[in-house]
Amino acid sequence: MSSDNKNKRFNKDGKQAGNHSGQGRSRDSVSSKPGFAARAAAAKILSAVIDRKTPLDGMLDAEGGNPAYKALGDSVRALVRAILNSALRHLPRIEAAIASLLDSPLPEGARALHHVLVVGAAQMLYLDVPDHSAVDIAVEQANQDPRNRRFAKLVNAILRRIGREKQEILSGGADVPAMPKWFLSRLEAAYGRQAALKISDTQLEPAAIDVTVKSDAEGWAKRLNGVVLPTGGVRLAAFEGSIPSLDGFTEGEWWVQDAAASIPAKLFGSLAGQRVVDLCAAPGGKTAQLILAGGKVTALDQSANRLKRLSGNLARLGLEAETVVADMAKFQPGDLFDAALLDAPCSSTGTTRRHPDVLWTKGPEDIAKLAALQERLLRHALTLVKPGGIVVFSNCSLDPEEGEDLVARVVSDTDAVERVPISPEDWPGLEAAISSLGAFRTTPDMLPLSGGFASGLDGFFAVVLRRTH
């Protein structure tokens with residue numbers, strides 16, 4: 001099932017077309033107007049993301065998420081997710097459109113009004129929601145909020161103009177970069193202006209679904225209506241239904257894993273007879289790869305719950321690993337390992353196709369803090385392997401501060417470590433992702449595909465290091 005929401009159709013009360021669950025109205029809604037609860041929830045959650053830097057995934061959790069979201073039926077939750085994904089992906093363009101239609105900026109402190117307008121505009125510009133429904137409910141939202149009641153006519157006027165001038169607004173907005181300025185400027189410094197804009201445009205398209213297979217990628221591509229990728233995984237075409245319903249899932253023949261995320265574990269080659277530690281291991285996709293490469297794997301994570309999930313994932317795949325609950329930075333094994341994989345916690349700026357909130361919940365200070373943490377973890381990881389042992393360091397950040405820069409420091413001031421360059425010839429189809437120093441650097445605009453398959457992959461950095469003595 002594709003994660004793309006822009007082609008989903010929703011009726012006026014927020015139910016996905018063709019879905020007749022009979023649910024969809026918040027029990028706690030101030031207004032009984034059909035569809036109001038979904039838009040109100042979307043505006044509240046959008047505010048939490050943008051104004052309070054709250055990650056989106058937690059608020060959309062079915063058990064511990066935002067109360068307004070949890071009160072909705074499943075079909076209406078789909079509309080909330082669609083609104084939020086569209087609003088966050090296109091936020092600079094939506095805000096530019098709204099600003100162009102205002103005679104003067106909104107008053108300071110009118111953030112709730114701002115989010116109502118963004119939610120309405122996102123539906124009208126990027127979702128197949130009837131314009132009149134989006135306008136009507138946005139006006140109702142303004143009327144229900146004492147802070148915004150006096151702006152109800154303004155909301156009506158702005159959104160009606162968006163409806164009338166939709167094509168002109170979409171055409172004009174195409175020149176507005178879809179990333180916040182702080183991050184776009186960092187991309188420009190790292191990759192150049194044109195590459196940065198291309199990455200920005202690419203993240204407007206939701207990610208495809210990739211799977212890593214135990215074996216016979218060609219065979220599984222045929223059975224799953226997919227295509228084999230240069231990484232050896234399979235990319236699925238859009239499909240109806242759930243992932244667990246697909247052929248081979250229950251039998252444990254494959255697992256979902258973005259193409260870029262599957263690269264780091266492959267950089268070890270054969271691990272037959274070697275003891276390997278997967279640091280920061282959960283949810284276990286890379287652990288499974290290391291096992292299949294022949295390694296005797298220790299999966300380490302500081303969260304017992306995450307390791308429980310990892311064990312469950314491995315059980316479905318028919319695989320086993322030793323699990324250790326520990327803080328990686330303090331982990332001291334009895335015997336050193338032959339190899340270690342450190343897929344480090346990072347800003348996740350390479351995953352905006354599937355997590356469009358990332359760039360709105362993070363800032364330069366977060367990248368600096370995370371880069372410092374990653375450097376400490378990498379230096380410690382190098383002490384966990386024997387002399388001659390290999391450490392693969394990776395993360396899903398696009399920012400060199402979390403990748404190239406910190407690795408350069410570690411290599412330059414540590415006499416017991418050296419690079420093991422990755423050869424472009426070993427990665428046909430991804431040669432452009434190998435840097436001059438032999439590291440992997442994927443960006444979301446890479447991996448163009450045809451034949452109806454979505455292009456792109458997550459932004460990832462990976463490097464192979466050897467402890468020399």
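**Exercise 1. The loop that holds C280**

Task: Locate C280 in this predicted model, and determine which backbone features stand out in its loop.

Solution.
Step 1. C280 lies in the loop that runs between strand 5 and helix 14. P283 has its place in the loop between strand 5 (275-279) and helix 14 as well.
Step 2. Consider the backbone rule before the values. Most residues other than glycine have a negative phi, and most peptide bonds are trans.
Step 3. For C280, phi is near 55°, a positive value in a residue other than glycine.
Step 4. The peptide bond that joins A282 and P283 is cis, with omega about 10°.
Step 5. A positive phi is also found at K53, near 55°. K53 sits in the loop between helix 1 and helix 2 (56-59), and its relative accessible area of 45% makes it partly exposed.

**Exercise 2. Cysteines and disulfides**

Task: How many disulfides does a search of the whole structure find? Examine C280 and C396 in turn.

Solution.
Step 1. The search of the whole structure gives zero disulfides.
Step 2. The cut-off for a disulfide is a pair of cysteine sulfur atoms within 2.5 Å.
Step 3. The closest cysteine sulfur to that of C280 belongs to C346 and is 11 Å away, so the distance is too far for a bond.
Step 4. For C396, the nearest cysteine sulfur is that of C346, at 3.5 Å, and C396 is in no disulfide.
Step 5. Compare the surroundings. C280 is partly exposed, with a relative accessible area of 22%, whereas C396 is buried, at 16%. The cut-off that separates these two classes is 20%.

**Exercise 3. The surroundings of Q289**

Task: Is Q289 buried or exposed, and which residues is Q289 in contact with beyond its neighbours in sequence?

Solution.
Step 1. Q289 belongs to helix 14 (residues 285-292).
Step 2. Its relative accessible area is 9%, and therefore Q289 is buried.
Step 3. With neighbours within four places in sequence left aside, the contacts of Q289 are T212, W255, Q257, A261, S262, A265 and K266.
Step 4. A separation in sequence can be set beside one in space: Q289 and P264 are 25 residues apart along the chain, and their C-alpha atoms are 9.6 Å apart.

**Exercise 4. Helix 7**

Task: Check the length of helix 7 against its number of residues, then state what covers its buried residues.

Solution.
Step 1. Helix 7 (residues 131-144) has 14 residues; at 1.5 Å a residue the helix should span 20 Å.
Step 2. The C-alpha atoms at its ends are 20 Å apart, which agrees.
Step 3. The buried residues of helix 7 are S133, A134, V135, I137, A138, V139, E140, Q141 and A142.
Step 4. Their cover includes helix 1 (36-52), helix 6 (111-126) and helix 8 (152-164).

**Exercise 5. Strands and their partners**

Task: In what order do the four strands of the open sheet lie, and which strands does strand 9 join?

Solution.
Step 1. Strands of a sheet pair through backbone hydrogen bonds, either parallel or antiparallel.
Step 2. The four strands of the open sheet follow the order 2-3-1-4, with antiparallel pairing. Strand 2 (226-228) and strand 4 (254-256) are the edge strands, each pairing on one side only. From one strand to the next, the twist averages 30°.
Step 3. Strand 1 (residues 210-213) and strand 4 are antiparallel and joined by three bridges; V211 has V256 of strand 4 as its bridge partner.
Step 4. Strand 9 (residues 385-395) is mostly covered, with eight of its eleven residues buried.
Step 5. Strand 8 (residues 337-343) runs parallel to strand 9, and six bridges join them; D343 has S394 of strand 9 as its bridge partner.
Step 6. Strand 12 (residues 460-467) runs antiparallel to strand 9, again with six bridges; F393 is partnered by V463 of strand 12.

**Exercise 6. The protein as a whole**

Task: Test whether the radius of gyration agrees with that of a compact globule, and describe the overall fold in numbers.

Solution.
Step 1. For 469 residues, a compact globule would have a radius of gyration near 23 Å; the protein has 24 Å, which agrees.
Step 2. Along the principal axes, the C-alpha atoms fill a box of roughly 70 × 45 × 40 Å.
Step 3. The secondary structure comprises 18 helices and twelve strands.
Step 4. Of the 469 residues, 54% are buried.
Step 5. Among contacts between residues at least 6 apart in sequence, 70% join residues at least 24 apart.

Technical notes
Residues numbered from 1 in each chain as written. Predicted model: local features only at pLDDT ≥ 70, side-chain atom pairs only at ≥ 80, totals over all residues. Heavy atoms only, no water. Helix = DSSP H or I, 4+ residues; strand = E, 2+ residues; numbered from the N terminus. Expected span 1.5 Å × (residues − 1). Buried < 20%, exposed > 50% of the residue type's maximum accessible area, 1.4 Å probe, protein only. Contact = heavy atoms within 4.5 Å. Pairing = 2+ DSSP bridges. Axes fitted to C-alpha atoms, helices over the stretch in contact; angles between N-to-C directions. Rg over C-alpha atoms; globule rule 2.2 N^0.38 Å.
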